[in-house]
Amino acid sequence: MRYDWATATHVGRVRSGNEDAVFPADGGSGEGPVLVGVADGMGGHVGGEVASRTAIDAASSTDGDVVARVKAANGAVVARALENKELVGMGTTLTLAEIQGASCEIAHVGDSRAYLYRDGELHQITTDHSLIAELLASGRITEDDVATHPQRSVVTRALGMARSVRVDRFHQELRPGDRLLLCSDGLTTMIDDDAIAGVLAEERDPEAVAWALIEAANLAGGVDNITVAVVDAAA
């Protein structure tokens with residue numbers, strides 16, 4: 001199959017700096033392999049920006065499968081913090097997808113997300129590593145409680161917190177017409193899945209999709225940095 005992809009990142013309407021990072025920096029097309037990733041840093045403006053960029057750089061330059069790449073990214077973030085006391089405590093999410101042929105392998109840590117848009121329906125592939133996700137899964141809160149919950153931004157698993165990290169792995173077979181979306185929570189906390197699906201349905205070009213999603217998040221408030229990667233599959 002052939003793939004067309006685009007990435008975009010924006011600081012949003014509230015924050016002064018962008019702690020997200022994305023790979024690749026530019027869009028493109030080809031038969032693959034295709035590697036895309038989104039990271040959302042934490043630990044203050046400087047720490048978050050360093051963590052996400054360090055993770056993306058390490059993951060994109062490491063040999064091996066997606067899990068090995070994410071584990072290498074974790075090691076790179078930990079090492080960077082040990083080199084500079086001002087960066088101690090920084091961390092980052094990382095959602096990384098590699099496509100070869102019709103096979104997509106995804107490695108994931110944190111609350112950034114990977115989605116599959118197929119035949120007009122949006123499916124979340126990854127599981128959020130967040131306190132809110134755990135509370136929802138246990139039935140202790142409802143979807144209506146999420147927006148106002150005082151701990152809605154707490155991430156329960158991230159890169160940079162320890163020398164080893166547990167990485168979720170997902171396999172997805174792709175077919176012509178599929179659209180893969182990776183995004184930071186700056187998108188998903190601003191607009192819901194129905195709104196995301198609406199944008200994916202309206203726009204054909206991956207770059208137009210990416211920027212339309214960012215615009216939608218900003219129109220909804222843009223309280224966080226917003227980063228997306230879109231990959232379209234064609235015969």
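A residue counts as exposed when its relative accessible area is over 50% and as buried when that area is under 20%, with partly exposed in between. Keep those cut-offs in mind as we walk through this model, which is a predicted one.

Let's start with Glu-202, which sits in helix α6. Its relative accessibility is 64%, so Glu-202 counts as exposed. If you look for Ala-6, you'll find its C-alpha 16 Å from that of Glu-202, with the two positions 196 residues apart in sequence.

While you're at α6, have a look at its partner. Two packed helices are described by the angle between their axes and the distance between the axes. Here, α6 (residues 193–202) packs with α7 (residues 206–219) at an angle of about 150°, and the axes are 9 Å apart. Angles over 145 degrees count as roughly antiparallel, and α6 and α7 are therefore roughly antiparallel to each other. The crossing of α6 and α7 is right-handed. Which residues in α6 and α7 meet? From α6 come Ile-196, Val-199 and Leu-200, and from α7 come Val-209, Ala-212 and Leu-213. By class, that contact has six nonpolar residues, with no polar and no charged ones.

Now over to Thr-126, in the loop between β9 (121–124) and α3 (131–138). Is Thr-126 buried or exposed? Its relative accessibility is 3%, so Thr-126 counts as buried. The side chain of Thr-126 reaches the backbone nitrogen of Ala-114 at 3.0 Å. Setting aside neighbours within four places in sequence, Thr-126 is also in contact with a set of residues that includes Thr-95, Ile-106, His-108, Ser-112, Arg-113 and Phe-170.

His-108 gives us a handy link to Val-67: the C-alpha atoms of Val-67 and His-108 are separated by 8.1 Å, though the two are 41 residues apart along the chain. Val-67 lies in helix α2 (residues 66–83), and with a relative accessible area of 14% it is buried. Beyond its neighbours within four places in sequence, Val-67 is in contact with Ala-107, Val-167 and Arg-169.

For a contrast in accessibility, try Val-154, in the loop between α4 (143–146) and β10 (168–173). Val-154 has a relative accessible area of 34%, so it is partly exposed. The C-alpha atoms of Val-154 and Arg-15 are 18 Å apart in space, and the two residues are 139 apart in sequence.

Finally, some backbone geometry. Most residues other than glycine have a negative phi, and most peptide bonds are trans. Where are the cis bonds that precede Pro-24 and Pro-33? One runs from Phe-23 to Pro-24, with omega near -5°, and Pro-24 is found in the loop between β2 (20–23) and β3 (28–30). Another runs from Gly-32 to Pro-33, with omega near 5°; Pro-33 is in the loop between β3 and β4 (34–42).

Asp-119 is worth a look for its phi, which is near 50°, a positive value in a residue other than glycine. You'll find Asp-119 in the loop between β8 (113–118) and β9. With a relative accessible area of 66%, Asp-119 is exposed.

Definitions and conventions: Residues numbered from 1 in each chain as written. Predicted model: local features only at pLDDT ≥ 70, side-chain atom pairs only at ≥ 80, totals over all residues. Heavy atoms only, no water. Helix = DSSP H or I, 4+ residues; strand = E, 2+ residues; numbered from the N terminus. Buried < 20%, exposed > 50% of the residue type's maximum accessible area, 1.4 Å probe, protein only. Polar contact = N/O pair within 3.5 Å; in protein donor to acceptor, adjacent residues only side chain to side chain. Contact = heavy atoms within 4.5 Å. Axes fitted to C-alpha atoms, helices over the stretch in contact; angles between N-to-C directions. Parallel < 35°, antiparallel > 145°, perpendicular 65-115°, else oblique. Left-handed = near helix turned anticlockwise from the far one by under 90°. Nonpolar A, V, L, I, M, F, W, Y, C, P; charged D, E, K, R; others polar.
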